[in-house]
Amino acid sequence: MVERKNTIFVRMGKKLNKEGEKITTSPEECEALRKAFSGQHGVEEKSMLEILVKCNLADLTTFRKNSPYIFLDDGYCFEKWDPFHMKYLEIEFLRFQRAVIQRTMHPWERDALLVRKSLEENPPLYNLLIELACTRTSDEFLGARKAFQCLYSESVEEFVAVRVEGFKRRLLVALVSTYRYEGKRIDEAAIKLECHKLGRAIKTDQKNEIENDDEVLRILTTRSKHHLQTIHKCYKEAYDSNLEEDLDGIQILRDTINCLCAPPIYFSKILDIAMSVCPTEQEMEALTRVIVTRTDVDMKDIAKEFNRKYGAPLIERIKAAALGNYRDFLVALVKRGMAN
């Protein structure tokens, strides 16, 4: 008597495929192998190793025939790898490698490479450039600017200036050029005055007004982070709304405000997007970047904000979204950061 289960036959206690060839893997193992190949962040190396080494040719044939979204059956005399999925897997296999390289790289070199990447991507990643210029200390970003010159024989300022135009050029060149005061001293009178100037520019409801306002540019690109964070609080009290919320529609300014005044809010949003259902490759790469670069800086604050805003612990979201060594590496880094 023969019982058919999918493409597997059971005959006298032996599992055979429909061609009558003996197979050694169970349906559960085939499903685990398919899952190992289908990750959005990384691949499940352990499952691949344990299952693939015990597969014989009949097992692999059965696996290919039962994995139509990985292998194509378009009239060929064999099961052909889907070229798109093959390319996708190559990227996923490299994800852990890239995370390790970024972690061991000197922060100056890493940020210099990210600066170049920000404007060479299509479309450009203006938020990445703002992130680098606004969430690093003055000395850290100065080091990245030095590394950029060593690596590419040009300054960050000229690199940005020739690739961006208009208001974006004025803002971004100013952000990457500034060396902000890092102390806690603030001028209360200046804070009230500049809060009023920002409010007046924003409340005009005319996008061109704020983009052409030299005072807005001066405040955002020269004032210390502590000064700007105090303005942020003053604005909330004066207008009963957050500064970045009133800049809705001008994303480049919203990102600037968030990176300068509330980095955990900015980074938690980036992480959530990276682990969403259908992120772009650029968005997925941010998962590595944020965790690797913020582990020893403010990971505890980022994880706390992530949990508050999205109702789930950051570590659990990573475990659900990522696979294999890549997942384990990111989880270990987050745990380290939260313990600091």
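Which elements cover the buried residues of α4? In this predicted model, the cover includes α1 (27-37), β5 (80-81), α5 (107-120), α17 (281-294) and α20 (324-339). The residues of α4 that lie under this cover are H85, L89, E92, R95, A99 and Q102, which are the buried residues of the helix. An α-helix has 3.6 residues a turn, so residues three or four places apart point the same way.

Helix α4 itself runs over residues 83-104 and has 22 residues. From its first C-alpha to its last it reaches 32 Å, close to the 32 Å expected at 1.5 Å a residue. The helix nevertheless bends, by about 35°, at R95; R95 is also among its buried residues. At the start of α4, the backbone nitrogen of F84 has a side-chain oxygen of D82 within 3.0 Å.

Helix α5 is one of the elements covering the buried residues of α4, and S118 is located in α5. S118 counts as buried because its relative accessibility is 0%, below the 20% cut-off. Leaving aside residues up to four places away in sequence, S118 touches P124, L125, L128 and L129. Of these contacts, L128 and L129 are buried residues of α6.

The loop between α5 and α6 contains P123. The peptide bond joining N122 and P123 is cis, with omega about 5°. Most residues other than glycine have a negative phi, and most peptide bonds are trans.

Beyond this loop, α6 is largely enclosed by the rest of the structure, because eight of its ten residues are buried. The buried residues are L128, L129, I130, E131, L132, A133, C134 and T135.

Helix α6 also takes part in the lining of the largest pocket, being one of the elements that give two or more residues to it. The space in this pocket is about 750 Å³. Its lining consists of 33 residues, and those nearest the pocket centre are N127, Q251, D255, Y266 and I270. Besides α6 (126-135), the elements giving two or more residues to the lining are α9 (166-177), α11 (207-211), α15 (251-261), α16 (263-274), α17 and α18 (299-310). The largest share, six residues, comes from α16. Helix α17 thus appears both in the pocket lining and in the cover of the buried residues of α4.

Two loop residues have a positive phi although neither is a glycine: S153, at about 55°, and D240, also at about 55°. S153 is placed in the loop between α7 (138-152) and α8 (156-161). With a relative accessibility of 68%, S153 counts as exposed, the cut-off for that class being over 50%. The loop between α13 (225-239) and α14 (243-246) holds D240. D240 counts as exposed as well, because its relative accessibility is 65%.

Helix α3 (residues 57-65) contains T61. At 15% relative accessibility, T61 counts as buried. T61 and E79 are separated by 18 residues in sequence, and their C-alpha atoms lie 8.1 Å apart in space.

Terms used
Residues numbered from 1 in each chain as written. Predicted model: local features only at pLDDT ≥ 70, side-chain atom pairs only at ≥ 80, totals over all residues. Heavy atoms only, no water. Helix = DSSP H or I, 4+ residues; strand = E, 2+ residues; numbered from the N terminus. Expected span 1.5 Å × (residues − 1). Bend = angle between axes of the 7 residues up to and from the residue. Buried < 20%, exposed > 50% of the residue type's maximum accessible area, 1.4 Å probe, protein only. Contact = heavy atoms within 4.5 Å. Polar contact = N/O pair within 3.5 Å; in protein donor to acceptor, adjacent residues only side chain to side chain. 1 Å grid on protein atoms, 1.4 Å probe; cavity = no way out; pocket = protein on both sides within 12 Å on 5 of 7 lines; lining within 4 Å. Points joined across faces, edges and corners; volume = space filled by probe spheres on them.
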